[in-house]
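Reader: Before I rely on any label attached to this model, I would like to go through the labels one at a time and hear what each of them rests on.

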Amino acid sequence: MKKITILLLLCFCAVGFVQAQQITEDSGTAASYEFNLDNSGLAIPSTWNEVAGTATRLATTTTSQNRAPVTITHSASQTIGVNAIACGTAGVNAENHYYRDFDLANDFGIVGDFNVTSAEFGVQDATDPVVVTVNIWSSTGAAFPAGALVLEGTAVYNSTPADQGTVVSVPVTATIPAGAVMVFEFIQADGSIWRIGSNDLAQTGVTWISSVACGLADPVDVNSLGPFDMAVVMNVVGEEAGGALALPITFEGQTVTFNDFNGSATQQIANPDATGANTSATVAENVVPGSAGFAGVNIVVPVDLTDDKIYSMNVWSPIADTPVLLKLEGGGNPPVERSVTMTTSGAWEEVLFDFSSEGALAFDSVTIFMNFNVVDPASQTY
C-alpha cells in the first residue's frame, strides 16, 4: 500500500521584534482618558516566532501564494514595533477595540465560504496580564464600518507577560459566507498596562480603533487621530470551503482527482498500516500493472518553487530499492523532476525531493511514478 502525502516545507525566515519601555501607572493622577502613543524606542534582540505571524496571503498579491490553510493579513511585515496607540490615562489602558476588515473576494481571491480556524495578533507591551477577546464578524452591504455585521465566532484569551514581543495565535471557529467581508475585532480589557502589537511599515488596509472612554463609540481610522503611522498586526487563519486542491495533500477531508495513465490505478483507502512514519487515517493506494515501466498518476495541484523548494512524500512499498519519481509540470514552464530510491520495504518511509537548484518556477500539477523505469513482470501495490 502507498500513502501519497505531499507535505510543503515552509521557508522560515528570521523576524525581528522590538518592544517599548515599560510604562508605569501614576496612581495620583485623576482619570483623564486620551489616545496616547508609546514610542520610547527601547529595543530587544531579534526573536523568531515559530508558529504565528507567518502570513501567507497579503491583499493585492498573486494567488500563486495559495496554501491550505492560508493566513490572511493586511500587514506587509509581522515585525512588532513601538508605535501602538491606545485610549488610556497615565499609561493604563481603557477598554480598546481594534479592527481589520478583509474583502476576501476582491482582495484575496477567496470566492467561496471561508472557514476560520484561528486569529493572530501582535503584542507590544504585556507588563500586566489582561483578558482579550477576538471576534470574527461577517459584513455585508455598505463598506465597513457601515455594513451589517453578524458575529460568526468568538474566543477569549488570557495574555501574560510572556506574550510580549510576539505574535499570538488564538483558536476560533467561524465561517464567513461567500461574498461577505470578514471583520476581525480585537478587544483589550481596561485597567492594564498592555499594548497591541503594530509597526510603522506598509499595510494594505485600514487599522481601525474604537473606545468609548475616548469618545469613539464607532470605529475610526487610527491614523486619522494623529500622525501615528500605526499598522496593527492582526491576521486570520483559515481555508476556503470547496476550494481548489492545495498543498499539503493529506487525503483527510480533501477531494483528490487521480489522473492515471499506462494502466496505473489509484484510489483513496483507509490506512492499512497506520504505524511508524504514517499514522494518518486515509491514504492513496496505487497499483502498477506488471510489465509497465512508465505507469503513473497525475494530480492537479499548484506548486510554486519561488520560496518552497523541498517536498516530502510518505511511501509504503512491498519491495526494496523502489525508485520514486516526482515530476512537476504545466504552468507554462518546462517540466522538472526528481527521483529518490527508497531504502525500506514493508513499512512507511518519508522520501524528500529537493528542487533547490531550480528557479522561481510555478507548475499546475504533479505526476508520481512508482518503481519508475523498472519493468516488473508482476503487479505491485504501493
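Reader: How much area does the protein expose, and what share of it do carbon and sulfur atoms supply?

Author: Keeping in mind that this is a predicted model, the protein exposes about 15900 Å², and 53% of that area is supplied by carbon and sulfur atoms. Of the 382 residues, 50% count as buried, and the secondary structure comes to 1 helix and 28 strands.

Reader: What makes the contact between E358 and R338 a salt bridge?

Author: The cut-off asks for a side-chain nitrogen of Lys or Arg within 4 Å of a carboxyl oxygen of Asp or Glu. The side chains of E358 and R338 meet at 3.0 Å, N to O, and the pair therefore qualifies under the limit of 4 Å. The structure holds 1 salt bridge. This pair links distant parts of the chain, with E358 in the loop between β26 (348-354) and β27 (362-370) and R338 in strand β25 (residues 336-341), 20 residues apart.

Reader: Are E358 and R338 buried or exposed?

Author: Both E358 and R338 are buried, a word that is used for residues under 20% relative accessible area.

Reader: Why are β20 and β28 called edge strands?

Author: In the open sheet, 3 strands follow the order β20-β21-β28 with antiparallel pairing. The strands β20 (265-270) and β28 (380-381) each pair on one side only, which is what makes them the edges.

Reader: How do you know that β20 and β21 pair?

Author: Pairing requires at least two bridges found by DSSP, and β20 is joined to strand β21 (residues 282-288) over 6 bridges in the antiparallel sense, so the requirement is met. Within this pairing, A265 stands opposite V287 in β21.

Reader: Which strands pair with β27, and over how many bridges?

Author: Strand β22 (residues 296-304) pairs with β27 in the antiparallel sense over 7 bridges, and strand β24 (residues 323-329) runs antiparallel to β27 with 6 bridges. In β27, S365 is the bridge partner of V300 and also of E329. As for cover, β27 is mostly covered, with 7 of its 9 residues buried.

Reader: What makes an empty space in this protein a cavity, and how many are counted?

Author: A cavity is a place where a 1.4 Å probe fits but cannot get out, and by this rule there are 2 cavities of 30 Å³ or more. The largest cavity has a volume of about 50 Å³, and among the residues that line it are V288, P289, N371, D376 and Y382.

Terms used
Residues are numbered from 1 along each chain as its sequence is written. This is a predicted model: local features need pLDDT of at least 70, side-chain atom pairs count only at pLDDT 80 or more; totals for chains, interfaces and linings use all residues. Side-chain values use heavy atoms; hydrogens and water are left out. Helices (H or I, at least four residues) and strands (E, at least two) are DSSP runs, numbered from the N terminus. Buried means under 20% relative accessible area, exposed over 50%, partly exposed in between (1.4 Å probe, protein chains only). Accessible areas come from the Shrake-Rupley method with a 1.4 Å probe; for residues, only the protein chains shown count as cover. On a 1 Å grid over the protein atoms alone, a cavity is a set of points where a 1.4 Å probe fits but cannot get out, and a pocket is an open set with protein on both sides within 12 Å along at least five of seven lines; lining residues have an atom within 4 Å of a point. Grid points are joined across faces, edges and corners, and a volume is the space filled by probe spheres set on the points.
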